[in-house]
Amino acid sequence: MEEFDENGWAHIHHAAFNGYHKSVSRFVKSKDDQLELETQDGQQSTPFLLSCTSGVLDTVQLLVELGANLKATNRHSQGAVLLAALHGHIHILEYFLELNHESSSVWEELIKGLALQDMESASAKVLVELTLDEKEKNYESFVSIDGVKAVVQLLKKSFPNEEPKTFGLSILLNIVKYPPAKQQLGEIGIPAIISQLKENQRPLYMRASKILGELAFNEKNKATIASNNGVDALVNLLQNNDDEEVVDCVLRTIKNLADSNSEIQTLIGNNKTTMKSFVNLLTEVKNKHVLATVARTISMIVKTHSANQDGFINEGGIPPLMELMKIKSRECQFAVVEAIQALCEKNENNQTIVTDLGCVMMLMRLLKRSRQADLRKLTASALWAIAGNKNTQRRSIANEIGVNMLIEFLSENLSQSLHFIGSEALGVLADGVHKKRDEIAEANGVMPLVRLLTKASTPGFIVLSVLRTLRSLCLCVGFRPHLKNQKAVSNEGGIKFLIRFMVHARQEIIKVEAAYTLGSVSLGNSDNMKEVLEHREFSFLHILRLLYDEDEEVALLSGAALALFAYNNVANQKAIAVSGGVRYHSFLPFLESKDLRQVAHAAFQIIILSRIIPDEDQSLTCATGVKLLVSLLECQSEDIQTLAANFLGGLSHTRAGVPAAIISIGTIDLLAKLLMSPFETVQASAAVTLGFLSYDKVGERQLLNTCRHDPFLYKVLQFHAGKVKLSPDFVERWKHYKKIGLPPIISKPSHLNMGDKKLVTTQFALDADQTFTVVSTNTTSPGIMGSDDQERKVSASTRTGTIMKLPIA
C-alpha cells in the first residue's frame with residue numbers, strides 16, 4: 001500500500017482525491033501512517049489536502065473524523081483552506097466554518113491569502129461567496145479579524161487585470177450595510193474606493209460607486225468623500241459615460257451625497273457643466289427608470305439651495321422635465337413633481353418662471369385626474385411650493401385647486417401635509433376679495449377644520465394653521481363678522497376647544513393664537529360671546545399674562561386678542577380692566593418697532609383699548625394710533641397697506657368721533673389712491689374703509705370730489721364696497737352728479753397736487769367734557785377744495801388748523 005506510482009502518488013492519495021472514502025477508511029485502518037502520507041511528486045500533499053483540493057466533502061469529513069492533521073500544508077505552504085479556496089470549493093470552507101475546530105482557522109487563512117501572490121483572486125472570490133446577504137452571520141467574524149483592512153490594502157495594489165480588485169469591491173459591497181464594517185470603511189477605505197472610480201474598468205467603477213452610495217448615508221462619510229475629491233470623480237464619471245446602468249448607479253450615489261448637505265450641493269453646483277449635464281440626461285436617456293433617477297437626483301441637488309435651483313433653471317431644465325411628465329410612467333411623474341417642488345421652494349424667481357412656463361396648469365391637471373393618494377399629496381405639495389409666500393400667487397393656486405378639493409384635503413384619512421395645505425389655502429381664499437367665505441361656508445368647510453382641532457394627534461403647525469384660517473373665515477374686511485361661519489364654529493363645538501387650547505396648550509404661540517381666534521369667532525356675535533364668557537375655564541387673565549411674554553409675537557397677538565374682545569364692547573373692556581388691565585408701556589416697543597406689521601397691530605390695539613389704559617392720556621393714545629395707521633397707507637408693501645386699511649376700516653365704525661379724526665388728516669385721498677393698487681386685497685380693504693367713512697358728512701364730500709376727479713374710482717369703490725357698506729346719501733349724490741351731467745374735476749396743476757399737501761403738525765388735547773381736539777396744520781391752498789371744505793379749511797388755517805371734536809365714549 002506504500003508503493004508510489006510514476007507520479008509519486010500512493011493508493012490512498014488516489015482514493016482521497018477521487019472521493020473513494022471507503023477505500024480511504026480501509027487504508028488508514030490497516031496502517032496508521034497512511035493518514036499523513038505525503039505524495040512524492042514534489043508537492044508533499046497529504047490525503048487530507050488532496051481531498052480538500054478535489055472538493056469531495058464526504059472524504060474530507062471522513063479524514064477529519066479519522067484525525068487528520070488540519071494544519072498540514074504542502075510544499076508551497078498551502079493548507080486545506082487555501083487549497084479549497086484556490087479551487088473554489090465553497091462547500092468545503094463552509095464545512096470548516098461549521099466545524100469550528102481550533103486547528104481550522106478559515107478566516108485567518110483567507111485574509112492571509114489576500115496578501116499572497118497568485119492567491120489574491122482565489123481568496124477574494126470565495127470571500128465574496130462567504131459574505132453574501134444570506135450569510136450575514138459571517139460578517140462579524142470577517143470584520144473582527146481585520147477583513148475590511150485587508151480588502152482595502154488589496155485595492156491599493158496594482159494587478160495585471162481587474163479581477164482581484166473586482167472581487168475585493170464585491171466583498172465590500174456585500175458587507176457595507178453591516179454597521180461595524182461601514183464604520184471601518186468610513187475610517188480607512190474611502191480614498192481607496194474613490195481611486196477605483198478613475199479606473200477605466202466598468203466592474204471597478206460600478207462597484208465603487210455603489211459602495212460610496214451606501215457610505216453616503218452617514219454625514220461624516222459624506223465629508224470624507226468630499227475631501228478626497230469623490231464628488232468631482234463621480235460627476236466626471238457621469239459626464240463621460242453613456243452606459244445607462246452606470247449612469248443610474250452614479251446618480252443614486254450623487255443623490256445620497258447631496259441629501260441634506262449644502263456643502264456637497266455647492267461642490268456639485270460649482271462644476272459649471274454639471275447642470276447642463278443633467279439637462280442633457282433628461283433628453284438623451286431612454287430608460288424610464290433611469291430618467292426617474294435623473295429627476296430625483298436633480299431634486300436632491302437643488303433642494304433648499306438657491307444657487308443650484310437657479311443654475312438648473314438657467315440651463316433650460318424645466319421644459320425637459322415637463323416633457324418627462326408626459327411619459328406614462330408613475331415613477332417618472334413622481335420624480336418630476338418632486339423636482340419641480342424642490343426647484344421652487346423658497347425661490348420667488350423660480351416660482352414665477354415655472355408658472356410662466358405652464359407648470360402650474362400641468363400639475364393642476366395631474367392633481368385633478370389622479371386618484372392615488374400619494375401622488376395627489378406630492379402634487380399638492382409642489383403646487384404649494386410654487387405658490388410661495390406671495391398672497392397673489394397663493395390665492396391664484398388655491399382658487400385653481402378649488403374650495404371643494406381643499407376641503408377634501410382635510411379628511412381624517414389623508415396625510416398631514418394635505419391637512420396643512422388645505423387649511424392654508426382655505427385661509428388664503430378667505431382673506432381674498434371674491435366672497436370665498438360664503439362659498440366655504442356653503443361647502444361646510446368649517447367642520448373639518450374644527451375636527452382637526454379635536455384630534456390629539458394633530459401636530460402644532462397644523463393647529464396654528466387651522467386657528468388662523470378659522471379667524472379669516474369668521475372675520476371679514478373692516479372687522480365685520482361672518483355670522484354663518486361663526487355659528488358653524490360654535491355648532492361644531494369649536495369654542496370649547498379654542499378655550500382648551502388657550503388655557504392648556506404647551507406652546508405659548510398656540511395659546512395666544514387660540515385666544516385671538518376666539519375673539520374673531522365672538523366679535524359681533526352675542527351668542528358666541530356669551531358662550532365664551534360663560535365657559536368655566538375662560539378668563540381674560542389667560543390673555544393678559546401672555547401680554548408680557550418674552551416672545552414678541554405672543555405679546556403682540558395677545559394685544560390683538562384683547563382688542564377683538566374689547567371692540568365695541570364696553571362690558572368686556574371693564575372686565576379686562578378688572579382682571580388687571582393693560583399698560584401703555586406694553587405697546588410702546590411695538591409702536592416704535594421697525595417691523596411695520598407690529599406698528600400697525602399696536603396702533604389699532606391702543607385705540608381700541610385706550611379707555612382702559614391708565615398710564616397714558618386717552619386722547620393722545622387714540623391720536624397716536626390713528627396717525628400711525630394713516631402713515632402706513634403710504635408704505636409700498638401689499639401686506640402692510642392691506643393691514644393698515646383694514647384696521648382703519650374697523651375703526652371707522654367704532655365709537656363716535658373716530659371716523660372724523662381719521663378723515664381730518666387726509667386719509668380719504670390716501671385710501672382713494674389705494675383703489676388703483678395692483679393688489680386686489682389692498683383695493684378691497686381701502687374700498688370697504690372708504691365705504692364706512694362715507695357715512696361721515698365730511699368724508700362723503702371729500703370722497704365725492706375724489707370720484708369726480710377720477711370717475712373710475714367710483715366703479716372700483718362700488719365693486720368692492722357696494723354690497724358691504726356704502727352710504728346711501730353718498731350713492732344718491734353721485735347719481736345726482738351723473739344725472740345733471742356735472743363735469744369731472746380737471747386735474748390739478750403739479751404744484752397743487754396731493755404731493756404738496758403736508759401734515760405739518762398734529763396736536764391733541766383732552767377737554768373737560770371728555771372730548772379730544774384734533775388740530776392739524778394744512779398747507780394746501782383752499783382753492784382746490786369743495787365750497788364747503790374751502791370755508792372750513794380757510795377758517796381753520798387762519799388760526800391753528802383743522803379742528804374737530806371727538807367724543808371719547
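The questions and answers below walk through the overall form, two annotated repeats and three helix pairs of a predicted model.

User: How are residues numbered, and at what pLDDT do side-chain atom pairs count?
Analyst: Residues are numbered from 1 along each chain as its sequence is written, and side-chain values use heavy atoms, with hydrogens and water left out. In this predicted model totals for chains, interfaces and linings use all residues, whereas local features need pLDDT of at least 70 and side-chain atom pairs count only at pLDDT 80 or more.

User: What radius of gyration does the chain have, and how many helices are there?
Analyst: The C-alpha trace spans about 145 × 60 × 45 Å along its principal axes. A compact globule of 809 residues would have a radius of gyration (taken over C-alpha atoms, with the globule rule being 2.2 Å times the number of residues to the power 0.38) near 28 Å, but the chain has 41 Å. Counting DSSP runs from the N terminus, with helices as H or I of at least four residues and strands as E of at least two, the chain has five strands and 49 helices.

User: Which residues does the UniProt annotation "repeat: ARM" cover?
Analyst: The annotation comes from an unreviewed UniProt entry, and such annotations, given here in the numbering used and with shortened names, may be inferred rather than shown by experiment. The stretch is 80% helix and 0% strand, with its end C-alpha atoms 11 Å apart. The record places "repeat: ARM" at residues 229–268.

User: How far apart are the end C-alpha atoms of the feature "repeat: ANK"?
Analyst: An unreviewed UniProt entry places "repeat: ANK" at residues 43–75. Over residues 43–75 the chain is 52% helix and 0% strand, and the distance between the end C-alpha atoms is 5 Å.

User: At roughly what angle do α12 and α13 cross?
Analyst: Axes are lines fitted to C-alpha atoms, for helices over the stretch in contact, and angles run from 0 to 180 degrees between N-to-C directions. The axes of α12 (residues 179–197) and α13 (residues 202–215) come within 9 Å, and the angle is roughly 145 degrees.

User: What is the orientation of α25 relative to α26?
Analyst: The axes of α25 (residues 373–387) and α26 (residues 391–401) come within 8 Å and cross at roughly 150 degrees. Because angles over 145 degrees count as roughly antiparallel, under 35 as roughly parallel, 65 to 115 as roughly perpendicular and the rest as oblique, α25 is to α26 roughly antiparallel.

User: Which residues of α8 meet α6?
Analyst: The axes of α6 (residues 90–99) and α8 (residues 120–130) come within 10 Å and cross at roughly 65 degrees, and the two helices are therefore roughly perpendicular to each other. With contact meaning heavy atoms within 4.5 Å, Ile90, Leu93, Glu94 and Leu97 in α6 meet, in α8, Val126, Glu129 and Leu130.
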